[in-house]
Amino acid sequence: INIEIGICYKELGNYEEALKYYLVANKISKSKNVWLLSDIAWVYGAMKNFELELKYLEKAKKLGRKDEWINAEYGKVYQRLEDYKKALRYYNKAKKLGQNDAWINVQIGRCYKALERFEEALKYYLEAEKMEKNDAWLLSEIAWIYDGMGKYKEGLKYLKRVEKLGRDDCWFNTEYGFCLMRLKKYENAIEKYKHALELKEELNEEIYLNCQIGFCYRILEKNEEALKYHLKAQELGRNDVWLNIEIGLCYKELEKYEKALEYYLVAYEQDKEDTWLLSDIGWIYNELEKYEDALQFLLKAQELGREDSWIYSEIAWACFLSERPSEAMEYMNKAKELSPVEVDPLLVSRTSSILVALGKHTEAIKILEEIMSKEEYKDNIGILSDLAYIYDDLEDYRNGLIYLKRANELGRNDFWINREFSFAYYYLGEYENAYKYLVILKDLGEED
């Protein structure tokens, strides 16, 4: 009778009362009833008292219980204790003994997932799917595994199936958004993330989703929108390296370099060995004409292991802009040596500027004309402008005008080129033409 009463309480989910009657029955049976010992173990497990669950499983085992149930139960205990390898041993034994249902395959899959052995997890989840084709939770797990393996197209197929089954919670929409983001479908990802934000229940979900939406907007070059969500995430409490870099990047793309630097420097205090961050801080200092500060960060990035053409080119340019052309040339030669392409117009342009600073105008003209001899660079506005500048520096204004006109015809019509036109015509004594360009400069906002 005590067993029957215990069973009733167990079925009602009142485990404490069930245990009370089970223990009385066990005392009466002198711990010789294998079924009862097994069910006591199960109840202790339901109450999350795993130590006592193991104790009663051992008692049942000593009395001869070695079937699939007890092995599956052992597996469940060790899985809850996060001893996944031991759990797998018992689950696999239970499967060999005949328990080959969806549940056992799911548990094996979950253990492999916890061990980050995604290929094996997927194998068992797919086995379970054959038996439970429309289980939204299982299909969601399969989608997550595919995403974790970087197989986003496969993941998306399962997410669509889950959506048809009606799942519409924060986790699901977040995962859907993540998958779409990885497939570079940023607009669609934002839509899912925003819906997840409407369904959020916890602060960490709200923070994460604001960050993800901000990231997608930044990739779409909608930096004002990106900032709105990133700053909201920061307001909610996130203030790590990643977020400060993201905010800095948005301000950088908006050409608000002082603000970008503000967030970059906070990120730098959080991680002083991020070579990408050090490099970008250096780049911004160059833009702000703070060349010594730029060199400090660029050289540190190089010392920490950044060894590519970009870093040497930026160091060279900072040296050049701080009037150290010989040192600049040393770094520029290294940049060209490491360049992944045969011809890099930026490196050629910067090299020519350094050569001019060294008084080697002829050599500068030579390397620029060499690159212009190639079909793909003959209309490069930057190279044409560089040649115009060098000829003007040599006071050869007629040749300078040839290149200025070509650059202008190709679309350059900014402050620099109009200033160069006014100088060239002035020194050639063509004052009416010089005046015309001075008027254009005034229209462009030059008050000098």
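What area does the protein chain expose, and what share of it do carbon and sulfur atoms supply? The protein chain exposes about 23,800 Å² (Shrake-Rupley method, 1.4 Å probe), and carbon and sulfur atoms supply 47% of this area.

The model is predicted: local features need pLDDT of at least 70, side-chain atom pairs count only at pLDDT 80 or more, and totals for chains, interfaces and linings use all residues. Residues are numbered from 1 along each chain as its sequence is written, and side-chain values use heavy atoms, with hydrogens and water left out.

**View 1. Overall fold of the protein chain.** The protein chain holds 26 helices and zero strands (DSSP runs; helices are H or I of at least four residues, strands are E of at least two). Its radius of gyration, taken over C-alpha atoms, is 35 Å, well over the 22 Å that the globule rule (2.2 Å times the number of residues to the power 0.38) gives for 448 residues, so the chain is more spread out than a compact globule. The C-alpha trace spans about 120 × 40 × 40 Å along its principal axes.

**View 2. The ring pair Y152 and F178.** Rings of Phe, Tyr and Trp (its six-membered ring) pair if their centres lie within 6.5 Å; planes under 30 degrees apart count as stacked, over 60 as edge-to-face and the rest as tilted. The centres of Y152 and F178 are 6.3 Å apart with planes at 70 degrees, so this pair is edge-to-face. Y152 lies in helix α10 (residues 152–164) and F178 in helix α11 (residues 170–182), 26 residues apart.

**View 3. A tyrosine cluster.** Y397, Y426, Y427 and Y431 form one aromatic cluster.
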